[in-house]
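Q: I'd like a close look at one helix here, and then at the empty spaces in the model. Could you walk me through them?

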Amino acid sequence: MASVDIRDVRKAFGAVPIIHGVSVPIADGEFVVLVGPSGCGKSTLLRMIAGLENITGGEIAIGDRVVNNVPPKERDIAMVFQNYALYPHMTVADNMGFSLKLRKAPKEEIDSKVQKAADILNLTPLLERYPRQLSGGQRQRVAMGRAIVRDPQVFLFDEPLSNLDAKLRVAMRTEIKELHQRLRTTTVYVTHDQIEAMTMADKIVVMHDGIVEQMGAPLELYDNPRNLFVASFIGSPAMNLLKGRLEGGAFALDGGASLPVGTPPPGAEGRPLTYGIRPEHFILDDEQGAEAEVLVVEPTGSEIQVFARMSGQDVTAVFRERHDFKPGDRIRLGPDRRVTHLFDAQSGVNLTHH
């Protein structure tokens, strides 16, 4: 096993900078997820750890060794791609053992490592099949098996679940997390799906336009987003972000209504702010609440999502209880004021620290 240390790493394609001085410390055995919208630089960063892209500046260390100029095959890493990259003319067993065969490992060693990985991933009945005879989820497991057989210091996953259907994605998410708990191999995992990031990671690194916006434990990012970008990206349904300003200790929305706040940050009175509240932190409150008109009601079974309009701004509320709301109903929504956020409208910085 090994730690991975990304120190002030930069990447430019020609004169175009893509990654602007990113630093991410990854502890030995940690499961770190790089997440962000398309084009944020997360896959490029992963490919630089793998050695598939050159580094323009900074350094990457695996264990104690700086690997900037070390070729991929000597980095002791294993990568699992989105498209599985299996050899169609080889059986599952041969696909899984191929890297060991290239290393001229003895046949007994290859067979025992393939068998061990197949047991871990429930692939034993499929070892003699060919990739074309497998489902997408089974192929993905074979790709993971091939990585396990190599017994690397670091696993790298590049959006491995995006080709699978929704139900299988959830199942594979659990399998990968369980696998990590069993093997404790340092893992760097790239996805654009923030639910995947929240459920799997020890540490999430949120990237945007080639920089790190915030990194930390999943619930730390959820409860204390550093800025508007992280607040809007992490969480589904997304945090409500309402425009307005502080007036007399309450938040006055552009459009008339007002909502209570926790402790107002010093110096925030009167300047343009964005008020953040998660959908599940709205409560029906006839006293302190602001009036909202119900637009759409979506029952999911375990909860009800209500899309409404408050003073001309769209809000989403989530209730665990059953309510018989109908479009056009007027309800009064109030926040749990302990978990509200105030962001500077210009810089996007979160002015509230819980």
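A: Let's start on the outward side of helix α3: the face turned away from its buried side carries E108 and K116, both exposed. Bear in mind that this is a predicted model.

Now turn the helix over. The buried residues of α3 are I110, V114, A117 and A118. These residues sit on the same side of α3 because they cover an arc of only 100° around the axis. As for what that side meets, the buried residues of α3 pack against α2 and α4.

The helix itself runs over residues 107-120, which makes 14 residues. From its first C-alpha to its last, α3 reaches 20 Å, close to the 20 Å expected at 1.5 Å a residue. After the helix comes N122, and its phi is positive, near 55°.

Next, the empty spaces. Rolling a probe the size of a water molecule over the atoms shows where empty space is left.

Take the open one to begin with. The largest pocket has a volume of about 450 Å³, and 16 residues line it. If you want to find its centre on screen, look for M79, F81, S99, R146 and R150, which lie nearest to it. The elements that give two or more residues to this lining are β6 (77-80), α2 (92-102) and α4 (136-149). You've met two of those names already: α2 and α4 are what the buried residues of α3 pack against. By class, the pocket lining has twelve nonpolar residues, one polar and three charged.

Then there's the closed kind of space. Counting cavities of 30 Å³ or more gives one, and the largest cavity holds about 50 Å³ of space. Its lining is made up of F31, F155, F157, I176, L179, H180, L183, T185 and T187. Strand β7 (154-158) and helix α5 (166-183) each supply at least two of these residues. The largest share, four residues, comes from α5. Sorted by class, the cavity lining has six nonpolar and three polar residues, with no charged ones, whereas the lining of the largest pocket includes three charged residues.

So that you can retrace the tour on screen, begin at E108 and K116 on the exposed face of α3, and go round to I110, V114, A117 and A118 on its buried side. From there, move on to the pocket, with M79 and S99 among the residues nearest its centre, and finish at the cavity, where F155 and L179 are among the lining residues.

How values were computed. Residues numbered from 1 in each chain as written. Predicted model: local features only at pLDDT ≥ 70, side-chain atom pairs only at ≥ 80, totals over all residues. Heavy atoms only, no water. 1 Å grid on protein atoms, 1.4 Å probe; cavity = no way out; pocket = protein on both sides within 12 Å on 5 of 7 lines; lining within 4 Å. Points joined across faces, edges and corners; volume = space filled by probe spheres on them. Nonpolar A, V, L, I, M, F, W, Y, C, P; charged D, E, K, R; others polar. Expected span 1.5 Å × (residues − 1). Buried < 20%, exposed > 50% of the residue type's maximum accessible area, 1.4 Å probe, protein only. Arc of directions from axis to C-beta. Contact = heavy atoms within 4.5 Å.
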